[in-house]
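This report concerns a single structural model. The sequence and coordinates are shown first, and the description follows.

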Amino acid sequence: AIDPSFENTYEEVDRHEDHRVWTTDGEEPTEQKQGIHGTHVAVDFDICIADGACLEDCPVDVFEWVETPGHPESEIKADPIHEDQCIDCMLCVDVCPVDAIDVDPG
Ligand code: SF4
Ligand code: F3S
Ligand code: ZN
């Protein structure tokens, strides 16, 4: 499962679209090790298996597919592109079969 304390245990290393990208060691993401995308709505790309339930169920369409060719779990990921629109309903957290998503209502 995604580490809910990632803001403390991971380092912010990059930005993608308008959101942050985090890795455990502060190294740039690689094809094999993608890290976490987003902050308010965070998706651990190294856990996501492209199930798609989060994209289908999010009432405000926070997620979009992004391609991650060469990643061992899946070659597309649910990217929290519109995390600023999140209404904290927690549906995505509940439906993800591999617990790849953390939503922090703050
Ligand atoms: Fe969408 Fe609800 Fe998840 Fe926010 S908590 S990203 S609104 S499904
Ligand atoms: Fe990935 Fe979980 Fe969504 S596996 S596509 S984050 S439901
Ligand atoms: Zn992203």
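The text below treats the strands and their pairing, and then the surroundings of the two ligands.

**Strands and sheet**

The structure is a predicted model. Its open sheet is built from five strands in the order S1-S2-S3-S4-S7, with antiparallel pairing. Strand S1 (11–16) and strand S7 (101–103) form the edges, each of them pairing on one side only.

S1 and S2 run antiparallel and are joined by five bridges. Within this pair, Glu-12 has Trp-22 in S2 as its bridge partner. The hairpin of S1 and S2 has two residues between the strands, and Glu-17 takes a positive phi near 50° there.

Strand S2 comprises residues 19–23, and four of these five residues are buried, so the strand is largely enclosed by the rest of the structure. The term buried refers here to a relative accessible area under 20%.

On to S3, the antiparallel connection from S2 consists of two bridges. Here Val-21 is matched with His-37 in S3. His-37 also has a bridge partner in S4, namely Val-43. Strand S3 (residues 36–37) and strand S4 (residues 41–44) are antiparallel, and two bridges join them.

**Surroundings of the ligands**

Two ligands are described in turn. Ligand 1 sits in the second largest cavity. Around ligand 1 there are 14 residues, of which Cys-58, Cys-86, Cys-89, Met-90 and Cys-92 come nearest. The shell of ligand 1 consists of 13 nonpolar residues and one charged residue, with no polar residue.

Ligand 2 sits in the largest cavity. It is surrounded by 13 residues, and the closest are Cys-48, Ile-49, Gly-52, Cys-54 and Cys-96. The shell of ligand 2 divides into eleven nonpolar residues, one polar residue and one charged residue.

The composition of each shell is set out below.

| Ligand | Nonpolar | Polar | Charged |
|---|---|---|---|
| Ligand 1 | 13 residues | no residues | one residue |
| Ligand 2 | eleven residues | one residue | one residue |

**Summary**

In the predicted model, the sheet follows the order S1-S2-S3-S4-S7. His-37 is the bridge partner of Val-21 and is also paired with Val-43 in S4. As for the ligands, ligand 2 sits in the largest cavity, and ligand 1 sits in the second largest. Cysteines are among the residues that come nearest to ligand 1, including Cys-58 and Cys-86, and among those closest to ligand 2, including Cys-48 and Cys-54.

Key
Residues numbered from 1 in each chain as written. Chains lettered and ligands numbered in written order. Predicted model: local features only at pLDDT ≥ 70, side-chain atom pairs only at ≥ 80, totals over all residues. Heavy atoms only, no water. Near = heavy atom within 4 Å. 1 Å grid on protein atoms, 1.4 Å probe; cavity = no way out; pocket = protein on both sides within 12 Å on 5 of 7 lines; lining within 4 Å. Sits in = over half its atoms within 2 Å of the grid points. Nonpolar A, V, L, I, M, F, W, Y, C, P; charged D, E, K, R; others polar. Pairing = 2+ DSSP bridges. Helix = DSSP H or I, 4+ residues; strand = E, 2+ residues; numbered from the N terminus. Buried < 20%, exposed > 50% of the residue type's maximum accessible area, 1.4 Å probe, protein only.
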